[in-house]
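Fancy getting to know a protein by working through it piece by piece? Grab a pencil and try each exercise before you read its solution.

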Amino acid sequence: LPWNWFRTTTQVEALAARYQKDLIGLTLAELPQRPRFVFCATDLVFGVNWVFERDEVGDYQAGHFRPEPSWPAAYAVAASSCFPPVFDPWIPPVKPGQLSGGIYPSGPKRDKLVASNRLSDGGVYDNMGTEPVWKDHKIVLVSDGGAPFRFEASKTPLRRLGRYLSIVGNQSSSLRKRWLISNFESKIMSGTYWGITGDTDSYPQPDTVGYSTDVVEGFISRIRTDLDCFTEGEIAVLENHGYLLAEAAVKSYVSHLVSIEQAPTIPHPTWIDGDLVKETLKDSHKRRLFRLGR
């Protein structure tokens, strides 16, 4: 890297460049029309959900614009990865005049606000990503990988500050989850929900393969959520858990979506053994500086 790289490139720009190189080299315009991809970030000026889509970027307050064909999809992934305070918010390269259709009154104040916009992790506003779809889609399927709220004491001022923020975030997430499930139960909406803390035994679909409650509660749901990379075993177990929960949830509550009946396929059969999972994940809840998957 050139000696002045860190002076001229922000953390988020570097993250976007890495995503574009190693994760997704497509532009937004190159995303398929179906399925429809919607990447969510949080507009820190107006406090609402900001979306990146194939043909549209923006939010209902600031307005939307059609992205240039060269806009990388990595922009969207990076903006939604700006988890505070590790990554500073991303400054979208958009001028106020490019955005139109927002409900905020036009004028100098609006232009000043839009010009100072910053984008952060989409989970700051909507941790389950339901905002873009729940109002106008007939069926909503929600996969929630958010870490569960932990009961713990905070003995220092800095930890107490973090605890305040965690409680506020947990309250918002819990309200959305209760609202979603109550709408499913009352038939206002059709769909289903599965989360990392759930187990397949809690769904009415019989004979569903999955991890036991003690493995889920004691090991899988406690896997750290930070910038550390996962080990091969952690990746395999999380993929298994997600696939098997989705299988149980969909067959239990929206079985009409399943057109072909067949036994569930376990992505990583070796990693379904409970004892192996416990041994592999025994330290996965620990956060260590520069751990790097070990």
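Here are some exercises on this predicted model, each with a worked solution.

**Exercise 1. Find out which residues of the largest nonpolar core touch the most other members, and which elements feed that core.**

Start with the core itself: it has 30 residues, and the ones touching the most other members are Leu28, Trp50, Phe52, Trp71, Trp90, Leu99 and Leu119. Next, look for elements that give two or more residues to this core: they are α2 (11–22), β1 (39–43), β2 (48–52) and α3 (73–79). Now pick out the largest share: α3 provides it, with six residues. There's also a second, separate core, made of 11 residues, with Tyr211, Ile220, Val237 and Trp271 among them.

**Exercise 2. List what tryptophan 50 is in contact with, leaving aside its neighbours within four places in sequence.**

Go through the partners in chain order. Tryptophan 50 is in contact with Phe39, Cys40, Ala41 and Asp43, among others. Further along, its contacts include Val57, Gly58 and Asp59. To finish the list, add Leu99, Asn117 and Leu119.

**Exercise 3. Place threonine 27 and decide: is it buried or exposed?**

First, locate it: threonine 27 sits in the loop between α2 and β1. Then check the accessibility: threonine 27 comes out at 13%, and buried means under 20%, so it counts as buried. Now see what it meets outside its own stretch of sequence: leaving aside neighbours within four places, threonine 27 is in contact with Pro69, Ser70, Trp71, Pro72 and Ala73. Finally, take one distance: its C-alpha atom is 7.6 Å from that of alanine 74, although the two residues are 47 apart along the chain.

While you're in that loop, have a look at proline 35, which is also found between α2 and β1. The peptide bond joining arginine 34 to proline 35 is cis, with omega at about 0 degrees.

**Exercise 4. Describe the surroundings of glutamate 131.**

Begin with its address: the loop between β5 (119–121) and β6 (139–144) holds glutamate 131. With a relative accessible area of 18%, glutamate 131 is buried. Skip residues up to four places away in sequence, and glutamate 131 touches Asn49, Tyr125, Asp126 and Arg176.

**Exercise 5. Work out what lines the second largest pocket.**

Size comes first: this pocket has about 390 Å³ of space. Its lining is made of 17 residues, and those closest to the centre are Ile181, Phe184, Thr192, Tyr193 and Tyr253. Two or more lining residues come from each of α5 (157–185) and β7 (190–195). Of the elements, β7 gives the most, with five residues. Sort the lining by class and you get seven nonpolar, seven polar and three charged residues.

Between α5 and β7 there's a loop, and lysine 187 is in it. Lysine 187 isn't a glycine, yet its phi is positive, at about 70 degrees. With 71% relative accessible area, lysine 187 is exposed.

**Exercise 6. How many disulfides does the structure hold?**

Recall what you're searching for: a disulfide is a covalent bond between the sulfur atoms of two cysteines. The count here is zero. Now compare two cysteines by accessibility: cysteine 82 is buried at 0%, whereas cysteine 229 is partly exposed at 39%.

Technical notes: Residues are numbered from 1 along each chain as its sequence is written. This is a predicted model: local features need pLDDT of at least 70, side-chain atom pairs count only at pLDDT 80 or more; totals for chains, interfaces and linings use all residues. Side-chain values use heavy atoms; hydrogens and water are left out. Helices (H or I, at least four residues) and strands (E, at least two) are DSSP runs, numbered from the N terminus. Buried means under 20% relative accessible area, exposed over 50%, partly exposed in between (1.4 Å probe, protein chains only). Contact means heavy atoms within 4.5 Å. A disulfide is a pair of cysteine sulfur atoms within 2.5 Å. A nonpolar core is a set of buried Ala, Val, Leu, Ile, Met, Phe, Trp, Tyr and Cys residues joined through side-chain atoms within 4.5 Å. On a 1 Å grid over the protein atoms alone, a cavity is a set of points where a 1.4 Å probe fits but cannot get out, and a pocket is an open set with protein on both sides within 12 Å along at least five of seven lines; lining residues have an atom within 4 Å of a point. Grid points are joined across faces, edges and corners, and a volume is the space filled by probe spheres set on the points. Ala, Val, Leu, Ile, Met, Phe, Trp, Tyr, Cys and Pro count as nonpolar, Asp, Glu, Lys and Arg as charged, and the others, Gly among them, as polar.
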